[in-house]
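Reader: I would like to go through some of the labels used for this structure. Please set each value against its definition.

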There are 2 protein chains.
Amino acid sequence: MFGVSYFDAASSAPLHPVARQALLAALDEGWADPARLYREGRRARLLLDAARETAAEAVGCRPDELSFTPSGTVALHRGVAGVLAGRRRVGRHLVVSAVEHSAVLHAAESLASDGGTVTEVGVDRLGRVTADDFAGALRADTALACLQSANHEVGTVQPAAEAAAACAAAGVPLLVDAAQSLAWGPVDAGWSVLAGSAHKWGGPAGVGLLAVRKGVRFAASGPVDERESGRSPGFENLPAIVAAAASLRAVRAEAGAEGARLRELVGRIRASVPELVGDVEVVGDPVRRLPHLVTFSCLYVDGEALLHALDREGFSVSSGSSCTSSTLTPSHVLRAMGVLSEGNVRVSLPLGTPSSEVDRFLAVLPGVVASVRAELGAPAASAGSGGASELVVDALGKRCPLPVIELAKVIGDVPVGGTVAVLSDDEAARLDIPAWCEMRSQEYVGESPLPGGGAEFVVRRVV
Amino acid sequence: MFGVSYFDAASSAPLHPVARQALLAALDEGWADPARLYREGRRARLLLDAARETAAEAVGCRPDELSFTPSGTVALHRGVAGVLAGRRRVGRHLVVSAVEHSAVLHAAESLASDGGTVTEVGVDRLGRVTADDFAGALRADTALACLQSANHEVGTVQPAAEAAAACAAAGVPLLVDAAQSLAWGPVDAGWSVLAGSAHKWGGPAGVGLLAVRKGVRFAASGPVDERESGRSPGFENLPAIVAAAASLRAVRAEAGAEGARLRELVGRIRASVPELVGDVEVVGDPVRRLPHLVTFSCLYVDGEALLHALDREGFSVSSGSSCTSSTLTPSHVLRAMGVLSEGNVRVSLPLGTPSSEVDRFLAVLPGVVASVRAELGAPAASAGSGGASELVVDALGKRCPLPVIELAKVIGDVPVGGTVAVLSDDEAARLDIPAWCEMRSQEYVGESPLPGGGAEFVVRRVV
């Protein structure tokens with residue numbers, strides 16, 4: 001009938017054949033303790049050294065600057081903590097972009113709850129920080145600044161080199177989270193600390209990278225441990241490390257051609273979805289972006305229902321909609337961008353995705369979205385003029401996308417110049433009602449809190 | 001000519017065939033993010049849940065009490081930190097045995113350097129704490145007590161159940177490091193927190209276990225993360241977790257028969273080595289011990305030279321001698337026991353070790369030790385009576401085992417009742433000269449510091 005298309009490489013990529021092969025070989029050759037003097041230990045040490053050289057070459061650093069960690073999250077946590085501790089005498093101020101991975105933002109919260117201060121640099125509607133904003137956040141007591149190479153949810157490439165120059169001028173080390181981009185190439189020079197994650201490039205789970213440039217003040221946190229330059233405690237996960245390094249090299253060898261091919265496929269999705277589906281906002285930078293990733297949001301659509309419907313059609317995608325998160329809040333990235341979060345879909349193509357799978361996705365998507373919209377009773381199009389000039393819609397207790405659907409249903413019932421007030425206690429409404437106004441060229445007046453919780457969101461009909 | 005015998009299972013065991021098989025299957029089925037809603041994610045979640053149930057059954061806890069960590073070291077670090085933080089209001093006192101794994105002792109140092117206090121409970125000459133000593137160390141402000149199930153260097157089984165009873169009476173949680181014993185069976189009930197390490201039982205590297213009983217106050221340290229009950233951040237290393245759980249079950253199924261068989265082989269080594277080699281101290285409890293592990297020390301032998309000589313003969317063993325450590329200090333376990341550290345060898349047999357390999361080890365060892373001793377000019381046997389009643393031997397600048405060899409060479413030169421003073425600045429001398437006196441029934445008088453560094457160790461000839 002139809003195939004299965006896994007379109008969530010940005011969460012975890014399927015294991016690359018080279019990774020699998022290297023892992024199998026290293027299971028036989030690399031299970032012993034590389035710290036031991038006997039033959040099995042020496043063999044393990046040789047494998048570990050070779051993997052470190054390979055990975056360092058791909059990262060663009062010296063082998064002795066690179067430590068392997070158990071995950072990208074741990075690399076970020078230890079990288080942030082290590083520089084904060086090493087530069088404690090400078091100060092306890094941390095700069096992060098508002099769209100960093102949650103591992104960085106959680107490390108920032110940890111600092112804040114421990115008495116440090118954090119500045120979050122905002123992004124534009126494409127999800128990009130400006131180098132000026134980033135530079136402006138640096139202070140005399142800034143211990144560290146963090147900026148991702150590219151965003152994991154919307155694919156926007158950040159100005160890492162400009163940020164690094166600003167940081168260098170201010171004498172502040174820059175940590176670059178390169179988890180999403182390392183498959184495609186090294187990060188531009190200028191970073192002080194870099195983190196990566198092997199299962200994002202087709203390596204195995206269980207391996208992260210933490211590179212710390214010589215000269216950066218770094219004090220590993222927690223109990224001492226002699227492994228990995230003291231930066232990541234515990235027995236090395238050697239077979240997985242070997243597989244991670246081998247697959248990074250293999251992926252890089254294909255990156256040029258494969259990146260161009262996937263960039264074209266993603267370009268096709270970016271161009272087609274608004275036409276095929278309607279009432280869609282494609283988010284993220286259309287040009288300065290990762291080759292394989294695109295995110296869009298569909299008005300009047302429940303993200304979880306859409307995910308399940310796509311899953312039934314054989315497509316695995318992720319979503320930043322509030323209804324797909326355990327906390328019922330929209331993705332912090334979409335919030336920081338101020339874009340629509342309802343009916344959100346992230347497509348991230350693994351290496352080798354055939355164009356026929358993208359064709360099938362584009363063929364299936366319109367019907368899937370239409371059926372989800374129909375189930376929710378979404379409005380078809382803007383209606384006539386109507387009577388009362390002020391309407392109140394009580395959407396309290398209703399979850400995304402229902403508040404926006406209720407608003408869209410009645411906007412045609414007030415005359416141009418009239419207002420609709422939507423009462424809602426759904427977190428996503430704060431983001432999605434203004435985003436709907438922007439998409440529909442209506443005026444978003446503002447919100448005011450309700451005594452019993454939630455808020456009143458007021459919209460003025462303009463067209 | 002001869003085979004290769006890997007006798008260092010206590011460092012890292014070769015991968016169990018069941019682990020290899022499970023890992024291969026899970027590489028295909030379990031690479032996706034178990035937190036995702038689509039089919040690949042749901043499949044990964046099922047594998048993770050099943051692995052947790054299997055591991056929890058082997059540990060003897062509820063699945064929701066068990067978290068997977070990237071290593072045994074990380075399990076210990078996070079286990080100690082989590083209870084210390086959770087019970088901070090009780091106090092900041094930590095009790096550990098003096099022979100815990102370095103990961104526990106480093107966590108203790110970390111607490112001490114952060115203003116907490118630590119009590120190290122000493123051990124007897126067999127490496128065992130008494131439940132009374134352990135109970136006596138508990139105070140009103142004790143947040144946590146740590147005791148291994150069995151020692152990793154000498155195999156001595158600790159009185160974990162009695163310690164747990166004492167802790168329960170005092171209202172103090174007990175953390176049991178079960179890394180060395182988990183292959184052989186669950187730890188007796190009564191523990192509050194338990195840690196393990198998969199590559200010690202034939203599972204893959206990259207997986208540790210951290211079990212925390214319901215009701216234990218536990219506050220995970222560091223940035224928050226939603227995975228593994230918030231106790232171990234980062235993407236789960238799922239294929240390795242699946243392999244770890246499957247191999248633990250498989251190993252347990254063989255534990256009864258294989259434990260009895262290895263116990264007999266180790267018993268043979270314990271009995272034969274002193275006879276075959278001479279001037280040997282077999283250390284650790286002869287009865288209450290791990291089945292597969294034995295440690296002995298050879299007088300007048302350089303541990304590193306012995307390791308290399310055994311390696312050339314095809315035997316991979318480890319050593320707690322000072323000359324094999326980067327810090328030139330003897331193992332903290334041997335020091336705490338007060339036993340000889342020179343020429344130290346730990347043999348730990350992997351599952352399935354054929355008795356013929358042990359036979360070959362016992363056949364090869366005497367010649368290897370003799371040649372190492374000959375190279376060092378070790379004394380053959382005690383000599384005549386001699387002249388001066390007080391001799392001074394200057395061994396300053398000489399490393400283990402040379403100070404003891406110099407002592408042994410001249411003890412026969414003083415009359416019974418006379419003394420030999422050994423001048424030495426080697427850390428191991430403090431342990432090995434008293435240990436030699438004990439083995440040789442000579443009287444150790446004591447040490448006094450030298451003005452230029454090092455010390456004078458005085459021995460009185462008795463026999």
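Reader: What makes the backbone nitrogen of Ser321(B) a partner of the side chain of Ser319(B)?

Author: This is a predicted model, in which local features need pLDDT of at least 70, side-chain atom pairs count only at pLDDT 80 or more, and totals for chains, interfaces and linings use all residues. Side-chain values use heavy atoms, without hydrogens and water. The backbone nitrogen of Ser321(B) is 3.0 Å from a polar atom of the Ser319(B) side chain. A polar contact is a pair of N or O atoms within 3.5 Å; within protein, one must be able to donate a hydrogen and the other to accept it, and residues adjacent in sequence count only if both atoms are side-chain atoms. The pair therefore falls under that definition.

Reader: Which backbone oxygen lies 2.7 Å from a polar atom of the Ser319(B) side chain?

Author: That of Asn344(B). Asn344(B) is also among the residues in contact with Ser319(B), leaving aside neighbours within four places in sequence; contact means heavy atoms within 4.5 Å.

Reader: Why is Ser319(B) called buried?

Author: Its relative accessibility is 14%, and buried means under 20% relative accessible area, with a 1.4 Å probe and protein chains only. Ser319(B) therefore counts as buried.

Reader: How do you know that S10 and S12 of chain A pair, and in which sense?

Author: They share 5 bridges in the antiparallel sense. Two strands (DSSP runs of E, at least two residues) pair if DSSP finds at least two bridges between them, so S10 and S12 of chain A qualify. Within S12(A), Arg346(A) is the bridge partner of Thr295(A).

Technical notes:
Residues are numbered from 1 along each chain as its sequence is written. Chains are lettered from A and ligands numbered from 1 in the order in which they are written. Helices (H or I, at least four residues) and strands (E, at least two) are DSSP runs, numbered from the N terminus. Buried means under 20% relative accessible area, exposed over 50%, partly exposed in between (1.4 Å probe, protein chains only).
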